[in-house]
Amino acid sequence: MTNDRPLSKQEVLKTYYGYDSFREGQEELIDCLLSGQDVCGVMPTGAGKSVCYQVPALMLPHVTLVVSPLISLMKDQVRALNQMGVHAAYLNSSLTWNQYKKALALAKEGRYKIIYVAPERLLTEDFLDFARQTPISLVAVDEAHCVSQWGQDFRPSYLKIPEFIEGLPSRPVLGAFTATATKEVRADIIGMLKLSEPHVSVTGFDRKNLYFEVRHDRDKYKGIRDYLRAHPDSSGIIYCATRKNVEEVCDKLLADGFLATRYHAGLSDAERRSNQEAFTYDDVPVMVATNAFGMGIDKSNVRFVLHYNMPKNMESYYQEAGRAGRDGAKADCILFYSGQDVITNQFFIEQNRDNEELTGEALELVRERDRERLKKMTFYCHTTDCLRDYMLRYFGEYGSNYCGNCGNCKSTFETVDITALANDLIGCILTSGMRYGVNVILDTLRGSKSEKVLRFGLDKNRYYSTHAQETVVFLRQVFQYLVLTEYLAVTDDQFPIVKVKEKGLTFYSETGEFRPVLTMKAARKTTQTPAAAGKEPGRNGRKRTTAPGSAPFEELRRLRTQIARAQHVPPYMILSDKSLESMCVLLPQTKDEMLAVHGMGEIRYQKYGGQFLALCRKLAGESEDFL
């Protein structure tokens, strides 16, 4: 877009992004970068980290390099920038050699304002030749936590960034950005990237539009199937811990008539790419995937993220759940927990395939930190406190312990006396020689005649069938409570064994007498809160339905899909769900009114604002039909 004078930062924001004001933390980071000061920005997913370096990139005189870890992230960001009228490119392994050479030649000619590059490319001869000949105003490091070996996504290639910077003729301003960084990881980012007296901004981890819940359903698949049936018009991700689980869940969903696809490292590159595009373009609304999917995916209209298995740490859960509701509209983050998830993650930690270059004491230290993270993740799945507050405290923030928008805050808990059950559970473990796993112990308490119980002679154990009246779900809750409160422990072996800790030995009474009372909180009733938006006031003050599935929203969504297909881009790159909801509320009748819609800037209006305006005028005439 041509202009007689340089645009101010507010004008850049409105013209290219369609926003009237900056979000928390954005403006201070932008001002620092424009003044030449390094920055370290920690902002939750969906808070607009990319705006913090893209706006300065559009205002600074020379090219901006964005170091990014994943091909999918680069493609999405570059495609979105090109949609906004910004010349951008990416340089990574997805390009053929001829494509790469052509992109580099165009970059040398000054064709691009922003270039995304994989960290592995930084020290290659061709790229270094380009970088040393081309003035660079800014280097932005996305997913900066990857530089820390104590973080959850350590990537050795990120260690090359300081060497690249030092090899440039003049040092550009440097910005580091991430959504997940504890205090220790932030210190690593600043030190490892050699940021120079950076301005550090931590805007907070709370995303109020997300609803959090943990469910202990005995039949996880049924819980997921019921959720999808209750949200037929929503798009979302179902995360599984293993490839096998991905295949099983996806196959069941397809058999039950859902439009779903899958993503994991065992698929071919072509199939992963095809499945990702089907999800991104809204051709298939449900993606079932391992954690190999999602990092850097900008799809903004993800209305739910369901976890079929518990992740191994809070950082991973926050990052994966945070892929819901990037547009700011309401979304659900529901974790379906089982005790087996802990065992699976313990196995992954002991294998430690993420850091194969580490050995000896360093490797054991990483494992120990991973075990501690797993314990805190498990606590999250069993706490009766506010889930949002638990998460915020983990990242060093403190809330009110009541958010009103999580499963625990919407549940009623009652205090249950588990003294006798805890004593018998501990007694069963001790009298059986502390040689068995949790399933065998619980089967013994319930009086099961399973093959293992009979083969090991546990039907002769004094605690056999003492709690036949209890459900397996409740017994597991009590067992996990005793693990979390240090009465019991589970070994890290390939076949985990239940052990009694010192606290459990002190508590246990062979006669069942003289024990302190032990209680735990158990949910009595849970109020499930869907992520669907409510009704918003319309032009005449009456309530208008804006949620997905409502008549005006669906008509606007159909138009968005038509435009997206014609331009060969994902629908969310045309306008976000939040923008469509805003349009439903305002039903603009003029250009000025359309420009007041969230996310509708001058560039977007020039491209397709007229088509949405015509539909809004039509909907306004029919508004009495759906008010």
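Colleague: Leaving aside neighbours within four places in sequence, which residues is Tyr158 in contact with?
Modeller: The model is a predicted one. In it, Tyr158 lies in the loop between strand E5 (136-141) and helix H7 (161-166). With those sequence neighbours left aside, its contacts are Val67, Ser68, Pro69, Pro119, Val141, Asp142, Glu143, Ala144, Cys146, Val147 and Leu193.

Colleague: Is Tyr158 buried or exposed?
Modeller: A residue is called buried when its relative accessible area is under 20%. Tyr158 has a relative accessibility of 0%, so Tyr158 counts as buried.

Colleague: How many Å separate Ser201 and Glu28 in space, C-alpha to C-alpha?
Modeller: Ser201 is in strand E7 and, at 5% relative accessibility, counts as buried. Beyond its neighbours within four places in sequence, Ser201 contacts Gly25, Glu28, Leu29, Cys40, Gly41 and Val42. Ser201 and Glu28 are 173 residues apart in sequence, and their C-alpha distance is 8.3 Å.

Colleague: How many bridges join strand E10 to strand E11?
Modeller: E10 covers residues 260-263 and E11 covers residues 286-289. The two strands run parallel, and Tyr263 has Ala289 in E11 as its bridge partner. The number of bridges between E10 and E11 is four.

Colleague: Through which helix does the chain cross from E10 to E11?
Modeller: The connection between these strands is a right-handed β-α-β crossover. On the way from E10 to E11 the chain passes through residues 269-280, which form helix H11.

Colleague: Which residues of E10 point the other way from Ala260 and Arg262?
Modeller: The four residues of E10, from 260 to 263, are all buried. Ala260 and Arg262 point one way from the strand. Pointing the other way are Thr261 and Tyr263.

Colleague: Which side chain makes a polar contact with the side chain of Asp577?
Modeller: Asp577 is in helix H22 and is buried, with a relative accessible area of 1%. Not counting residues up to four places away in sequence, Asp577 touches Asn301, Arg303, Asp327, Phe553 and Arg560. The polar contact, at 3.0 Å, is with the side chain of Arg303.

Colleague: How many of the ten residues of H22 are buried?
Modeller: H22 is mostly covered. The buried residues are Asp577, Ser579, Leu580, Glu581, Ser582, Met583, Cys584 and Val585. Of the ten residues in H22, the number buried is eight.

Colleague: Why is the pair of rings of Phe205 and Tyr318 edge-to-face?
Modeller: A search of the whole structure finds 17 aromatic pairs. In the pair formed by Phe205 and Tyr318, the ring centres are 5.7 Å apart. Planes over 60 degrees apart count as edge-to-face. The pair is edge-to-face because its planes are at 70 degrees.

Colleague: How many residues apart in sequence are the parts that this pair ties together?
Modeller: Phe205 and Tyr318 are both buried, and ring pairs link them with Tyr394 and Phe395 into a cluster. Phe205 lies in the loop between strands E7 and E8, and Tyr318 in helix H12. The pair therefore ties together parts whose separation in sequence, in residues, is 113.

Colleague: Over which ring does the charged end of Lys299 sit?
Modeller: One charged end, that of Lys252, sits over the ring of Tyr221, 5.2 Å from its centre. The charged end of Lys299 is 4.8 Å from the centre of the ring it sits over, that of Phe279.

Conventions. Residues numbered from 1 in each chain as written. Predicted model: local features only at pLDDT ≥ 70, side-chain atom pairs only at ≥ 80, totals over all residues. Heavy atoms only, no water. Buried < 20%, exposed > 50% of the residue type's maximum accessible area, 1.4 Å probe, protein only. Pairing = 2+ DSSP bridges. Right-handed = clockwise from strand over helix to strand, strands pointing away. Polar contact = N/O pair within 3.5 Å; in protein donor to acceptor, adjacent residues only side chain to side chain. Contact = heavy atoms within 4.5 Å. Phe/Tyr/Trp six-rings, centres within 6.5 Å; stacked < 30°, edge-to-face > 60°. Lys NZ or Arg CZ within 6 Å of the ring centre and 35° of its normal.
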